[in-house]
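Good morning, everyone, and thank you for making time for this. Please take a moment to look at the chain on the screen before I begin.

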Amino acid sequence: MLRMAEVYFILGAEGAGRRGVVRDLIEGGFADDEVVVVAQHASESDSTATEQLEARASNRVLAYEELRHIQAPADAEAIFIIASGRGNPLDYLEAFGEWLQISGESLARIITVVHCQLLHAQPKLELWHRACIHFSDVVLLDRREGVPNKWFSDFKKPYEQDHYPCLFELVKKGRVKNPALILEPQPRRLSLAFDDDIDAIDLLDIDEDDLPEEPIDLTRPTDPWLVRLPSGHWEKHLPDIATFLDSE
């Protein structure tokens with residue numbers, strides 16, 4: 001039976017430290033001879049971060065313009081796909097779902113890396129990050145220098161109140177405390193958009209032993225964050241993060 005690589009999809013703003021986190025997860029979670037592919041969007045410009053990823057001999061680091069063009073070698077143990085940190089995450093999540101279906105690869109986890117300094121300085125970006133976190137199994141808080149401690153509890157409080165199942169972990173000097181915990185391919189995301197193995201009837205609030213006589217629509221509802229208007233625009237409008245990054 002053909003073994004599929006486990007796929008990790010990385011969301012977060014440009015400058016959040018995503019590639020540093022990926023490097024740490026690879027170093028702490030995979031043997032030196034295991035092939036790991038890192039696909040980063042072509043808009044990523046920090047060559048130093050790329051060189052650090054390439055320093056591990058068994059890494060395969062590539063750039064992509066469109067997700068559908070990503071092809072991993074057959075011997076890859078894992079694939080880390082880093083979405084652009086300058087665009088609308090809903091666009092990349094939609095494209096990622098299509099890529100999963102085409103490639104046949106197995107989704108392990110979706111990880112959001114939060115640029116805490118940026119979000120603290122620009123509260124309007126909370127909705128942009130909330131969109132990412134809705135789909136995430138893990139949320140890593142990075143770039144925390146100079147951010148008041150109270151901000152972190154205030155940031156997490158709404159998600160705790162809404163019973164988000166994802167993990168929230170701190171990144172310290174580019175390192176995560178427990179890479180194995182972060183990489184564990186156990187779904188903890190609120191969204192079911194990428195869980196094709198779930199029976200549609202399980203999503204309905206009905207008793208299987210006492211089904212109604214009228215026909216039941218077993219079509220899985222579209223995730224509320226991935227609904228488009230007739231115009232083609234997203235129903236949920238997110239701020240343009242590039243304008244905040246360019247103003248730094």
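Is the crossing of H5 and H6 left-handed or right-handed? Before I answer, please keep in mind that what you see is a predicted model, in which the protein chain has a mean pLDDT of 90 and 88% of its residues reach 70 or more. One stretch deserves caution, namely residues 199-204, where pLDDT stays under 50 and where the model has 12 contacts beyond four places in sequence.

Now to the helices. The crossing of H5 and H6 is right-handed, and the axes of H5 and helix H6, the latter made of residues 149-161, come within 13 Å of each other and cross at roughly 45°. An angle counts as oblique when it falls outside the ranges called roughly parallel, antiparallel or perpendicular, and H5 and H6 are therefore oblique to each other. If you would like to find the contact on the screen, look on the H5 side for Glu 126, His 129, Arg 130 and Ile 133, and on the H6 side for Phe 155, Pro 158 and Tyr 159.

Let me turn to charged pairs. Side chains of opposite charge can pair when their charged atoms come close. By the rule used here, the model has 14 salt bridges, and I will go through some of them.

I start with Glu 27 and Arg 175, which form a salt bridge whose closest N and O atoms are 3.3 Å apart. Glu 27 lies in helix H1, residues 18-29, while Arg 175 lies in strand E8, residues 175-176, so this pair ties together parts of the chain that are 148 residues apart in sequence. As for accessibility, Glu 27 counts as partly exposed because its relative accessibility is 43%, and Arg 175, at 43% relative accessibility, counts as partly exposed too.

Next comes Asp 137, which forms a salt bridge with Arg 189, with the closest N and O atoms 2.8 Å apart. This pair links distant parts of the chain, 52 residues apart, since Asp 137 sits in the loop between helix H5 and strand E6, and Arg 189 in the loop between helix H7 and helix H8. Are Asp 137 and Arg 189 buried or exposed? Both Asp 137 and Arg 189 are buried.

Arg 189 has a further partner, Asp 195, and in that salt bridge the closest N and O atoms are 3.0 Å apart; Asp 195 is buried, as is Arg 189. Elsewhere, Arg 18, Arg 19 and Glu 44 are linked in a network of salt bridges.

I would like to finish with two single residues. The first is Asp 142, which lies in strand E6 and which is buried, because its relative accessible area is 5%. Setting aside residues up to four places away in sequence, Asp 142 touches Ala 16, Gly 17, Val 21, Val 113, Val 114, His 115, Cys 116 and Val 171.

The second is Gly 29, found in helix H1, which counts as partly exposed at 37% relative accessibility. Which residues is Gly 29 in contact with, once its neighbours within four places in sequence are left aside? They are Pro 179 and Leu 183. In addition, the C-alpha atoms of Gly 29 and Leu 181 are separated by 9.4 Å, although these residues are 152 apart along the chain.

Note on methods: Residues are numbered from 1 along each chain as its sequence is written. This is a predicted model: local features need pLDDT of at least 70, side-chain atom pairs count only at pLDDT 80 or more; totals for chains, interfaces and linings use all residues. Side-chain values use heavy atoms; hydrogens and water are left out. pLDDT is the predictor's confidence in each residue, from 0 to 100. Contact means heavy atoms within 4.5 Å. A salt bridge is a side-chain nitrogen of Lys or Arg within 4 Å of a carboxyl oxygen of Asp or Glu. Helices (H or I, at least four residues) and strands (E, at least two) are DSSP runs, numbered from the N terminus. Buried means under 20% relative accessible area, exposed over 50%, partly exposed in between (1.4 Å probe, protein chains only). Axes are lines fitted to C-alpha atoms, for helices over the stretch in contact, and angles run from 0 to 180 degrees between N-to-C directions. Angles under 35 degrees count as roughly parallel, over 145 as roughly antiparallel, 65 to 115 as roughly perpendicular and the rest as oblique. A crossing is left-handed if the near helix is turned anticlockwise from the far one by less than a right angle, and right-handed if clockwise.
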